[in-house]
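Trainee: I should like to take a close look at a single part of this protein. Please consider the model below before I put my request.

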Amino acid sequence: MDTAHFYLRVLATDKEFYKGFAKCLTVQTLDGQIQFLAHHQRVIMALEPGELDIEKDDGTKIHVVAGFGTMVFANNRCQVLVDTCETEAELDARRANEALERAKERLRQRQSISEYRMTQAAMARALSRLKFKGKDYKN
């Protein structure tokens, strides 16, 4: 195995999305998009909803949208744990638009702090799905 690769495992709550070697991983963090290559320094990061790109060891690319999660990179191994991980074919723009509208309506209502945070998370997931799908959404 070439030294320009690292072992990657991407787990969603409902499935193991990817398991194997990769050349590059791009994730959405609190500070923006960050790219990881082989032999990256040890790091633990919080992930935000957004695009997740994997360049496999054979050069092919996987482009998905992922939800909130965490990522650990150590000893040339990376593990990504996210609540959702969907390919473009799995996304439904109409459903994402409806979820966004529901979240906006809940934000207009009086909520507890925890309900407010859950609503914000739902809105972030819907927006990232719509952005990934390339569809316009209503503001």
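With which residue does Arg9 form a salt bridge, and how far apart are the closest N and O atoms? Please set the answer in the context of the surrounding strands and aromatic rings.

Mentor: The model is a predicted one, and the values that follow are computed from it. Arg9 forms its salt bridge with Glu16, and the closest N and O atoms of the two residues are 2.7 Å apart. In general terms, side chains of opposite charge can pair when their charged atoms come close. The structure holds one salt bridge, so the search for such contacts ends with the pair of Arg9 and Glu16. Neither partner reaches the exposed class, because that class begins over 50% relative accessible area. Arg9 has a relative accessible area of 27% and is partly exposed; Glu16, at 39%, is partly exposed as well.

The strands around this pair come next. Strand E1 covers residues 6–12, and strand E2 covers residues 15–29. A ring contact also joins these two strands. Tyr7, in E1, and Phe21, in E2, form an aromatic pair, one of three in the whole structure. Two values describe such a pair: the distance of the ring centres and the angle of the planes. For Tyr7 and Phe21 the centres are 5.8 Å apart and the planes stand at 80°, an edge-to-face arrangement. Because Tyr7 lies in E1 and Phe21 in E2, the pair ties together parts that are 14 residues apart in sequence. The burial of the two rings is not alike: Tyr7 is buried, with a relative accessible area of 17%, whereas Phe21 is partly exposed, at 34%.

A further ring contact involves strand E3. Phe36 and Phe73 form a stacked pair, with 6.0 Å from centre to centre and 20° between the planes. Phe36 belongs to E3 and Phe73 to strand E7 (residues 69–74), so this pair ties together parts that are 37 residues apart in sequence. Both of these phenylalanines are buried. Ring pairs also bring in Phe6, which is linked with Phe36 and Phe73 into a cluster.

Phe36 leads back to strand E2. Strand E3 (residues 32–37) runs antiparallel to E2, and six bridges join the two. Within this pairing, Phe36 is the bridge partner of Leu25. E2 and E3 form a hairpin, with two residues between them. Strand E2 thus contributes Phe21 to the pair with Tyr7 and is joined by bridges to E3.

The cysteines may be added for completeness. A search of the whole structure finds zero disulfides. Cys78 counts as buried at 2% relative accessibility, and Cys85 is likewise buried, with a relative accessible area of 2%.

Finally, the wider setting. The protein has two helices and nine strands; from the N terminus the nine strands are followed by the two helices. Of its 139 residues, 40% are buried. Among contacts with a separation of 6 or more, 52% are between residues 24 or more positions apart. The protein exposes about 8,400 Å², of which carbon and sulfur atoms supply 49%.

Key
Residues numbered from 1 in each chain as written. Predicted model: local features only at pLDDT ≥ 70, side-chain atom pairs only at ≥ 80, totals over all residues. Heavy atoms only, no water. Helix = DSSP H or I, 4+ residues; strand = E, 2+ residues; numbered from the N terminus. Buried < 20%, exposed > 50% of the residue type's maximum accessible area, 1.4 Å probe, protein only. Contact = heavy atoms within 4.5 Å. Areas by Shrake-Rupley, 256 points an atom, 1.4 Å probe, with all protein chains shown as cover. Pairing = 2+ DSSP bridges. Disulfide = S-S within 2.5 Å. Salt bridge = Lys/Arg side-chain N within 4 Å of Asp/Glu carboxyl O. Phe/Tyr/Trp six-rings, centres within 6.5 Å; stacked < 30°, edge-to-face > 60°.
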